[in-house]
Amino acid sequence: MIFKDFLDKLLAPAPSILPDEDARLALTALLVRLARSDNVYSDSERDRIDRILRSRFALDAGAAQILREQGEGLEAEAPDTVRFTRAIKEVVPYEERTGVVETLWEVALSDGKRDVEEDALIRLAANLLGVNDVDSAMARKRAEAHA
């Protein structure tokens with residue numbers, strides 16, 4: 001299993017704080033999980049994820065694509081969304097977690113439509129990230145303005 005060590009960290013009963021690189025991978029896997037939640041993983045969603053990774057982590061196109069592909073592999077192997085959000089929540093300050101919710105909305109809206117599955121996953125993720133409803137709604141509005 002390619003991500004065995006990382007999954008072991010995520011699944012530990014009392015996980016330690018993950019290094020930034022692992023939190024980066026957890027965010028990427030969460031974005032992929034969202035994009036796949038409606039059973040359609042489109043080129044526009046992959047492109048949006050790559051753009052988010054380039055801007056958020058100052059990566060070039062190749063490095064963003066590699067990170068997305070690693071996130072795709074991890075997402076396919078990881079059992080639940082709770083682990084990703086916990087990994088992110090432990091290392092990302094609240095203000096940046098609202099930015100995570102905004103990026104989730106950017107991916108959800110990248111195909112030009114809102115899906116019930118994507119909405120539900122974003123609501124769950126926002127709650128698990130500890131982002132309140134008002135800040136989550138504002139994040140959605142910012143993403144809609146960029147779409």
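# A walk through an eight-helix chain

Let's start at Glu 106, which counts as buried because its relative accessibility is 15% and the cut-off for buried is under 20%. Before going on, keep in mind that what you're looking at is a predicted model. Glu 106 has its place in helix H6. Leaving out residues up to four places away in sequence, Glu 106 touches Arg 48, Ile 52, Ala 143 and His 146. Remember Ile 52, as that residue comes up again with Leu 31.

Now step back and take in the whole chain. How many helices and strands does the chain have? You'll find 8 helices and 0 strands. Reading from the N terminus, the order of elements is simply α-α-α-α-α-α-α-α. The chain has 147 residues, and 47% of them count as buried. Next, take the contacts between residues at least 6 apart in sequence: 76% of these join residues at least 24 apart.

So what's on the inside? In soluble globular proteins, nonpolar side chains tend to be buried together. Here, the largest nonpolar core has 38 residues, and Ile 49, Ile 88 and Val 101 are the ones with the most contacts inside it. At least two residues of this core come from each of H2 (20–36), H3 (43–57), H4, H5 (81–91), H6 (94–109), H7 (116–128) and H8 (133–146). Helix H2 gives the largest share, with 9 residues.

Let's look at some buried residues one by one. Leu 31 sits in helix H2, and it's buried, with a relative accessible area of 0%. Not counting residues up to four places away in sequence, Leu 31 touches Ile 49, Ile 52, Thr 103, Leu 104 and Val 107. You can also check Leu 31 against Glu 72: they're 41 residues apart along the chain, and their C-alpha atoms are separated by 9.1 Å.

Next comes Ile 88, one of the core residues with the most contacts. Set aside its neighbours within four places in sequence, and Ile 88 is in contact with Ala 23, Ala 26, Leu 27, Leu 30, Val 100 and Leu 129. Follow one of those partners, Val 100, and you land in helix H6. Is Val 100 buried or exposed? At 1% relative accessibility, Val 100 counts as buried. The C-alpha atoms of Val 100 and Ile 88 are separated by 9.0 Å, with the two residues 12 apart along the chain. Beyond residues up to four places away in sequence, Val 100 touches Leu 27, Arg 56, Ile 88 and Leu 129.

Thr 85, in helix H5, is also buried, at 1% relative accessibility. What does the side chain of Thr 85 reach? That would be the backbone oxygen of Val 82, at 2.9 Å. Not counting residues up to four places away in sequence, Thr 85 touches Leu 30, Ala 125, Leu 128 and Leu 129.

Helix H4 is a nice one for a quick sanity check. At 1.5 Å a residue, its 17 residues (61–77) should span 24 Å, and the end C-alpha atoms are 25 Å apart, which agrees. At its N-terminal end, H4 is capped by Asp 60, with a side-chain oxygen lying 3.1 Å from the backbone nitrogen of Gly 62. The buried residues of H4 are Ala 64, Leu 67, Arg 68, Gly 71, Glu 72, Leu 74 and Glu 75. That list includes Glu 72, the residue you've just met alongside Leu 31.

Now for the loops. Most residues other than glycine have a negative phi. Asn 39 isn't a glycine, yet it has a positive phi of about 65°. You'll spot Asn 39 in the loop between H2 and H3, and it counts as exposed because its relative accessibility is 72%, where the cut-off is over 50%. Ala 58 is another residue other than glycine with a positive phi, in this case near 55°. Ala 58 is found in the loop between H3 and H4, and it's exposed, with a relative accessible area of 72%.

Last stop: the rings. The structure holds 0 aromatic pairs. There is still a ring to visit, though: the charged end of Arg 46 sits over the ring of Tyr 41, 4.7 Å from its centre.

Methods. Residues are numbered from 1 along each chain as its sequence is written. This is a predicted model: local features need pLDDT of at least 70, side-chain atom pairs count only at pLDDT 80 or more; totals for chains, interfaces and linings use all residues. Side-chain values use heavy atoms; hydrogens and water are left out. Helices (H or I, at least four residues) and strands (E, at least two) are DSSP runs, numbered from the N terminus. The expected span of a helix is 1.5 Å times one less than its number of residues. Buried means under 20% relative accessible area, exposed over 50%, partly exposed in between (1.4 Å probe, protein chains only). A polar contact is a pair of N or O atoms within 3.5 Å; within protein, one must be able to donate a hydrogen and the other to accept it, and residues adjacent in sequence count only if both atoms are side-chain atoms. A nonpolar core is a set of buried Ala, Val, Leu, Ile, Met, Phe, Trp, Tyr and Cys residues joined through side-chain atoms within 4.5 Å. Contact means heavy atoms within 4.5 Å. Rings of Phe, Tyr and Trp (its six-membered ring) pair if their centres lie within 6.5 Å; planes under 30 degrees apart count as stacked, over 60 as edge-to-face and the rest as tilted. A charge sits over a ring if NZ of Lys or CZ of Arg is within 6 Å of the ring centre and within 35 degrees of the ring normal.
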